[in-house]
Amino acid sequence: MASLDKILRFYKGTEGEEVSIRLADLAEQVQKSQKFRISPFLDPYGQEIAETVAANYDGIHVDFSGGYPGAERQQAMLIHDNFGGTPSFDIKAVRAVWNADYYRITHRDVLGALIGLGLERGSIGDILLSSGEAKILVGNKAEELILAECVKIGAASVQCSEDDISNIQPREERTKEISATVASLRVDAIAAAGFGFSRSRAAADIAAEKVKLNWQTVKNSSQQVKEGDILSMRGRGRLEIAEVRGRTKKGRTGVLLKRFF
């Protein structure tokens, strides 16, 4: 019980509170059964919480999988050290196709259609888009629902079929390095430099809760970033603060940013 109380106190009032409660409950189940439990799909912040939870329980370790190498959203498998079996993750792949000559489907369109079917966000992993198709990583029950009921994404009619998960290639992201100088390491200044718009626009997007730092919603434009942090903005991708280079003669701070598309 001490481990559970410690975890719940640590995350209480934070964006990770709900996830920590769910993962701690799974850990409690694992400790009692000495078997394993699998979480919903987690973003990278949720995966960090899963590692923290496992570290606070004696005899429990954690593995992750998103169905293919490099997946961003992954399930956590909490396993008791005494469990002698070989558990497998509950991950399936669905392929949705549409006529690319007439419709341009976005990640948000696909996610919205799936949520509209009644699926929870945790039952959906990565959504991989290419021309005229999406490969969707989901749990087994979610796959059944999608195959039975998903016939439209946005305005486009779609055909959904089970896909061979082994055919999904490792994620390949395009990147661009951006060398810039900023007045400070405030999150609005870094967002403006990395995404290529004004600082006031960055501040407005932060106020609208469109910006996350290390997968947690940014609440204040003055929040400071550091080397290694990941900044993401809805609809614009992600930035890594790859290097903080120090002060220029004019008192500005040099940074190297890596933008992912």
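This is a short talk about one protein chain, taken from the whole to some of its details.

Thank you all for coming. Please keep in mind throughout that what we are looking at is a predicted model, and that I will speak only about what can be computed from it.

Let me begin with the chain as a whole, which has seven helices and 15 strands. If you take the C-alpha atoms along the principal axes, they fill a box of roughly 60 × 55 × 30 Å. Of the 261 residues in the chain, 43% are buried. If we take the contacts with a separation of 6 or more, 60% of them are between residues that lie 24 or more positions apart.

Now to a sheet, which is a good place to practise reading strand order. It is an open sheet of four strands, and the order, read from one side to the other, is S5-S6-S4-S9, with antiparallel pairing. Which strands stand at the edges? They are S5, residues 124-130, and S9, residues 159-163, and because each has a single partner strand, one side of each is left without a neighbour in the sheet. Neighbouring strands here are turned by 20° against each other on average, if we ignore direction.

If you look at the S5 end, you will find that strand S6, residues 133-138, runs antiparallel to S5 and is joined to it by five bridges. To find one of these pairs on your screen, start at Ile124, whose bridge partner in S6 is Val138.

Two helices pack on this sheet, and I would like to take them in turn. Helix H4, residues 107-116, touches S5 and S6, and its direction makes about 140° with that of S5. Helix H5, residues 140-149, touches strand S4, residues 92-97, as well as S6 and S9, and the direction of H5 makes about 20° with that of S4.

Next, the cysteines, where some care is needed. How many disulfides does the structure hold? The number is zero. Cys150, for example, is in no disulfide, although the sulfur of Cys160, which is the nearest cysteine sulfur, is 4.0 Å away. A pair would count as a disulfide only with the sulfur atoms within 2.5 Å, so the 4.0 Å between Cys150 and Cys160 does not qualify. Seen from the other side, Cys160 is likewise in no disulfide, with the sulfur of Cys150 as its nearest cysteine sulfur. Cys150 has a relative accessible area of 6%, and is therefore buried.

Let us turn to a pair of helices, H2, residues 17-33, and H3, residues 44-55, whose axes come within 10 Å and cross at roughly 40°. That angle is why H2 is described as oblique to H3, and the crossing in which H2 passes H3 is right-handed. The residues that meet are Val19, Ser20, Leu23, Ala24 and Ala27 on the H2 side, and Gly46, Ile49, Ala50 and Val53 on the H3 side.

Finally, I would point out two residues with positive phi, neither of them glycine. Glu209 has phi near 60° and sits in the loop between helix H7, residues 199-207, and strand S11, residues 211-213. With a relative accessibility of 42%, Glu209 counts as partly exposed. Asn214 has phi near 50°, and its place is in the loop between S11 and strand S12, residues 216-217.

Thank you, and I am happy to take questions.

Conventions
Residues numbered from 1 in each chain as written. Predicted model: local features only at pLDDT ≥ 70, side-chain atom pairs only at ≥ 80, totals over all residues. Heavy atoms only, no water. Pairing = 2+ DSSP bridges. Axes fitted to C-alpha atoms, helices over the stretch in contact; angles between N-to-C directions. Contact = heavy atoms within 4.5 Å. Buried < 20%, exposed > 50% of the residue type's maximum accessible area, 1.4 Å probe, protein only. Parallel < 35°, antiparallel > 145°, perpendicular 65-115°, else oblique. Left-handed = near helix turned anticlockwise from the far one by under 90°.
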